[in-house]
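Me: I'd like to learn how to read chain contacts in a model. Can you walk me through one, feature by feature?

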Amino acid sequence: MYSMSIVVEAILTGMLTGSVYALVALGLTLVYGVLHIINFSHGAMLAAAMFAVLMLNQVFGLDPYVQIPILVPVLFVAGYAIQRFIIGPGSHGKDENILMITLGISIVIENVLLAIFRSDIRSINTDYSFNVFEVGPFIFSQARVFGLIGSVVTAVVLWIFLARSDTGKAIRAVSKEKLGASLVGINVNHVYATTFGIGFACLAIAACLLLPTFYVNPSIGGTFVLVAFTVVVLGGMGSIVGAMMGGLIIGVVESLSGLFLGESLGQIGIFLTFIAVLLFRPAGLFGAKA
Amino acid sequence: MKLKNYLSIIVVVALLAILPMMLQSNVVLNFLIYILIVTLGAQGWNLLGGMAGQNSFGHAAFFGAGAYAISMWQINLGLSAWSGFVVAIAVGALVGWIVRFLSFRAGLRGSYFALVTLAFAEVLRVLANSAQFTGGASGRLLPIETGVQHLQFADRTYFYWFALAMVAIGLVIVRWISLTRFGAHMIAVRENEDAARALGIDVLRTKLRAITISAAMTAVSGCLYVQYFLYIDPTLVFGPKISIEVLLASMVGGLGTVFGPLVGTTALHVLGEAAKLFAGEIPGIDLAVYGCVLIAAICFLPRGLLSLWPTRSASKKAQQPAVETQP
Amino acid sequence: MTTRHTSINRRTFIKTGVAGAAVLAAPAVLRAQTPPTIKVGVLQPVTGAFAMDGGFGRVGAEMGVAKVNAMGGIKALGGAKFEMIFADARSNPEVAVQEVEQLNSRGVAAIVGGFASPVCLAASQAASRYNLPYIVDVGVTDQIIQRGLKNTFRFSPGFSLCTRTAIENLIKINDAAGKPAKTIVLVHEDGLFGSGLAKMMAEELPKHGFEILDSISHPTPARDMSNVALRIRSLKPDLIIPSSYYGETVLLCRTLRQQRVRAKGIFAVLNGAASNLRFVREFPDVAENIMDCNHWHDPQKPAAIALRQEVEAAGKPWNYNIALNFSDMLLLADAIERAGSVDHEKVIEALASSTFEGHLMPYGPTKFVDGQNMGAAPVMTQVQKGDINVIFPEEFADAKANYPLEI
């Protein structure tokens with residue numbers, strides 16, 4: 001039905017989009033791997049981060065890429081605080097409670113954004129928004145390629161951090177054996193909060209990379225949440241490599257199902273993948289046992 | 001079925017039944033009808049999430065299944081509303097059964113189960129959105145035909161009583177279940193699934209029964225919604241809004257209790273109206289309040305508002321020592 | 001002083017006049033002292049998905065009420081002024097119904113607004129229980145009028161009319177330019193007007209020599225339009241016809257631009273962005289030359305120009321929704337004036353027999369048949385040099401069409 005070159009370009013574009021999904025999922029999978037909680041507010045926080053990028057761009061004229069070093073620490077602190085002071089104490093340790101609290105947080109964030117920004121769709125117009133790389137018959141948006149690069153770089157940096165640094169090792173220790181880690185003197189609460197903070201920091205980078213090619217409105221968190229979960233589940237909860245691969249695969253799935261089933265029905269591709277993975281291989285591609 | 005166990009239900013229902021006769025305002029009546037519809041959905045959720053401990057984030061799947069079943073029965077097939085009502089209950093229950101069966105096979109519990117219900121609700125939404133015979137994204141209107149045979153009532157008060165009757169049946173069912181062995185099984189599964197299995201409880205069957213009844217109740221709620229507003233579209237009935245509402249209501253009102261959903265729904269909606277009154281200009285303020293309330297509820301009142309109500313239940317007594325050991 | 005002298009004279013004159021009127025119409029006397037206000041309900045979704053448009057509707061209604069009062073209120077009721085009672089429909093039907101109940105309990109004479117079709121449907125139905133007149137501002141679905149509700153009136157055109165007109169206009173514009181376009185790709189949102197429009201187009205246009213290469217549907221919201229743009233790019237149509245909401249159209253146009261897709265024309269129908277000045281302001285290069293068949297005010301009417309200037313002077317953006325709600329308010333005032341009362345039945349009759357011309361829309365005198373204003377029609381607009389001009393039909397046009405575009 002479609003020529004090969006269209007299908008191939010769709011696959012490649014899907015991978016580009018998927019790389020940003022992977023970045024979004026990175027934070028989520030890390031949080032799950034360490035805290036064993038499913039953070040429902042991930043999508044809403046992404047929306048908040050995107051609005052932050054928008055505001056800094058409109059008020060101070062800062063280019064989104066330039067904002068990365070600014071927003072990363074800010075969101076890290078925000079994530080740390082939320083886990084340390086709201087989720088941690090409030091959940092009384094029970095799993096379902098955590099799910100509910102993060103749901104509550106997501107509702108609050110989404111509606112505070114709504115109150116401040118109204119529901120209009122906003123986008124930014126950067127100089128390079130329309131620039132493309134032309135490779136043979138294919139046209140790729142520059143901003144998206146940068147997104148891919150940014151994603152991969154972040155993943156690599158994170159991986160190195162977890163493998164080499166002391167904090168990274170502490171994080172891995174807690175994720176494997178919480179009690180043992182605390183017995184050797186690791187402050188578990190601090191580690192939890194740090195991990196959460198890192199998760200949100202990844203969102204800051206994702207937001208900066210997304211906004212040039214995308215739009216934002218308060219309810220966009222919802223659209224990303226399920227995609228992010230699908231990536232995490234597909235890749236395996238707690239696996240960084242899994243998140244990257246999962247992201248790329250999901251991006252391609254979304255692109256191809258949109259191409260062949262029509263954009264409306266094509267949305268089903270992601271949800272069916274999600275259900276299929278959960279039913280048949282809940283550990284995902286690279287994950288430990290669920 | 002001892003009567004005294006249902007005394008509280010009878011009293012509450014009776015009070016609610018005479019309410020419209022004391023009110024003159026249609027505004028309040030409309031408000032109450034909507035509360036009843038959501039309560040019914042929340043009762044369904046509460047059965048599954050509160051009593052059986054299976055949190056679902058996608059109860060809209062059952063709500064919408066019931067709503068679409070009854071509307072398509074009438075619009076596409078031109079059949080009567082009452083038979084459609086029965087069919088819708090069956091459809092809802094079936095969807096619930098399928099969801100649970102599939103997830104059980106995969107050993108899904110807790111958070112995974114919650115997510116998978118969300119995915120199912122979204123799948124149904126996309127399907128309803130794309131299919132021609134459901135009216136697609138533009139939704140469907142039910143033709144206005146007042147008359148009991150069409151399950152539409154010219155006088156709103158009758159609809160109120162009908163919804164109240166449904167809620168009452170729900171209350172009775174929940175109370176009855178809590179007194180049977182099935183109810184005990186559900187609580188056992190909720191508290192510790194592995195231990196329950198070790199005791200010989202058929203976990204799969206318990207879960208399946210729980211979700212079937214839960215889904216059926218929520219499907220009834222969906223039917224009422226459609227018959228009252230006479231309009232249906234995929235986002236309204238399969239969207240996350242309904243899923244979150246029924247969840248919130250149960251959590252806030254009292255997980256696993258009989259009156260929890262009713263109390264929770266009322267509290268939330270009254271709160272929402274109050275928020276609108278004081279800060280109506282700010283969009284989304286009432287929903288932001290809901291979110292805060294949920295967080296606050298989990299942090300401070302994990303057992304819901306009803307835990308503030310003194311009860312005669314044995315479990316409560318057991319928590320308080322017969323003799324005060326602290327001054 | 002002269003002033004006082006004159007004012008005493010005027011006062012005496014008015015007193016006599018009032019006394020005279022009192023003799024003729026006793027009930028009016030009760031109100032003549034301080035004419036009570038006529039409450040008018042305005043229902044708009046100012047929070048939720050339709051908040052942007054709801055906001056415009058509200059502005060239009062407010063200015064309409066101000067205008068009615070500035071013109072002296074309803075003279076038949078002793079100069080009684082309009083008092084706007086606003087209700088937020090919050091973009092969903094349940095709340096709309098609740099708000100209608102509230103408005104009714106506050107004794108409004110009529111309700112104007114709704115904007116979104118589901119809201120209009122639910123609200124007008126709720127209003128019909130009380131026989132409360134309901135004037136729909138934008139809601140295009142045909143179902144609004146087909147239910148046989150006596151109380152519901154729609155001043156603006158409905159969906160099928162807009163679609164038919166769009167098809168006719170497209171053919172005319174294309175013919176007038178020498179038929180440069182043959183192949184078409186339709187892009188539409190998968191909802192009511194998107195799918196219905198695509199269907200009608202796919203049936204009608206081939207009869208006039210056009211070839212529909214593809215009909216691409218997309219959901220709202222849509223995260224990404226790359227694939228859609230990709231398909232269009234590979235098909236290389238002469239014309240692209242998008243009927244989508246604001247966000248998706250913006251995304252599509254930007255993506256098309258990015259992928260260097262050029263067509264002889266982009267011909268939108270009932271599009272959320274093509275007749276929206278915000279799109280034009282934010283992305284002028286992308287929006288330039290987009291045509292749209294949509295609601296718009298009559299640029300030949302000085303009152304419309306004046307209103308636009310007033311709105312923009314107040315720092316607010318202009319939108320057709322403002323003109324529509326403004327006109328609806330004047331229409332209502334005219335009906336109440338002719339009915340001489342706020343009794344629901346009389347107002348409904350007055351609306352049904354209305355031949356109102358003092359509105360800002362390119363419609364001619366109103367004529368309601370079963371609640372639909374038969375004179376209503378959309379017009380063709382085009383974005384030209386950072387503004388939106390009407391290019392068709394000629395009697396309302398204030399610019400010529402820039403078509404076909406060079407590829």
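Reply: Sure, we'll go through confidence, then the two interfaces of chain A, then the domains of chain C. Keep in mind that this is a predicted model.

Me: Let's start with confidence, then. What are the ipTM and pTM of the model?

Reply: The scores are ipTM 0.80 and pTM 0.81. For single chains, look at pLDDT. Chain C has a mean of 84, with 91% of its residues at 70 or more. For chain B the mean is 81, and 88% of its residues reach 70 or more.

Me: Where in chain C is confidence lowest, and where is it highest?

Reply: The low end is helix α2 of chain C (residues 26-32), with a mean of 44, and the high end is strand β4 of chain C (residues 134-136), at 93. The pLDDT is below 50 over residues 1-32 of chain C, and this stretch makes three contacts in the model beyond near neighbours in sequence.

Me: And which stretch of chain B has pLDDT below 50?

Reply: That would be residues 312-327 of chain B, which have two contacts in the model once near neighbours in sequence are set aside.

Me: On to interfaces. How is the size of an interface often given?

Reply: People often quote the accessible area lost when the parts come together. Between chain B and chain A, about 3,300 Å² is buried, and carbon and sulfur atoms give 82% of that. On the chain B side, B:F57, B:Y112 and B:L115 lose the most area to chain A, together 19% of what that side buries. In residue terms, 37 residues of chain B are in contact with 36 residues of chain A.

Me: How many salt bridges does the rule find across the interface of chain B and chain A?

Reply: Zero. The count of residue pairs in polar contact between chain B and chain A, with both at pLDDT 80 or more, is also zero.

Me: Which helices of chain B each supply at least two residues of the side that touches chain A?

Reply: They are α4 (81-105), α5 (110-130), α11 (240-253) and α13 (285-300) of chain B. The largest share comes from α5(B), with 14 residues. By class, the side of chain B that touches chain A has 28 nonpolar, six polar and three charged residues.

Me: Now the other partner. How much area do chain C and chain A bury between them?

Reply: About 2,900 Å², with 50% of it on carbon and sulfur atoms. The contact involves 32 residues from chain C and 38 residues from chain A.

Me: What about charge pairs there? How many salt bridges are counted between chain C and chain A?

Reply: One. In that interface, the side chains of C:R233 and A:E9 meet at 2.9 Å, N to O. Three residue pairs in polar contact are also counted between chain C and chain A, both residues at pLDDT 80 or more. On the chain C side, the elements that each supply at least two residues are α3 (51-70), β7 (211-218), α9 (226-235), α10 (246-258) and α11 (277-282). The classes on that side are twelve nonpolar, nine polar and eleven charged residues.

Me: How many salt bridges does a search of the whole structure find, over all chains?

Reply: It finds 18. As for the pair we just met, C:R233 sits in helix α9 of chain C and A:E9 in helix α1 (residues 4-35) of chain A, so the pair joins two chains.

Me: Can the same reading be used inside one chain? Into which domains is chain C divided?

Reply: Yes, you just treat the domains as the two parts. Chain C has domain 1 (38-157 + 301-376) and domain 2 (160-294 + 380-392). Their C-alpha centres lie 29 Å apart. Twelve residues of domain 1 of chain C are in contact with 13 residues of domain 2 of chain C. About 990 Å² is buried between these domains, and carbon and sulfur atoms give 57% of it.

Me: Which three residues supply more than any other three of the area that domain 1 of chain C buries against domain 2 of chain C?

Reply: C:M52, C:V140 and C:R308, with 37% of that area. C:R308 also forms a salt bridge with C:D387, the closest N and O atoms being 3.0 Å apart. The count of salt bridges between the two domains of chain C is one. Residue pairs in polar contact across this interface number two, both residues at pLDDT 80 or more. On the domain 1 side, the residues divide into six nonpolar, three polar and three charged.

Methods
Residues are numbered from 1 along each chain as its sequence is written. Chains are lettered from A and ligands numbered from 1 in the order in which they are written. Side-chain values use heavy atoms; hydrogens and water are left out. Contact means heavy atoms within 4.5 Å. Buried area is the accessible area (1.4 Å probe) that two parts lose on being put together, summed over both. A salt bridge is a side-chain nitrogen of Lys or Arg within 4 Å of a carboxyl oxygen of Asp or Glu. A polar contact is a pair of N or O atoms within 3.5 Å; within protein, one must be able to donate a hydrogen and the other to accept it, and residues adjacent in sequence count only if both atoms are side-chain atoms. Helices (H or I, at least four residues) and strands (E, at least two) are DSSP runs, numbered from the N terminus. Ala, Val, Leu, Ile, Met, Phe, Trp, Tyr, Cys and Pro count as nonpolar, Asp, Glu, Lys and Arg as charged, and the others, Gly among them, as polar. pLDDT is the predictor's confidence in each residue, from 0 to 100. Domain bounds come from an automatic or database domain assignment.
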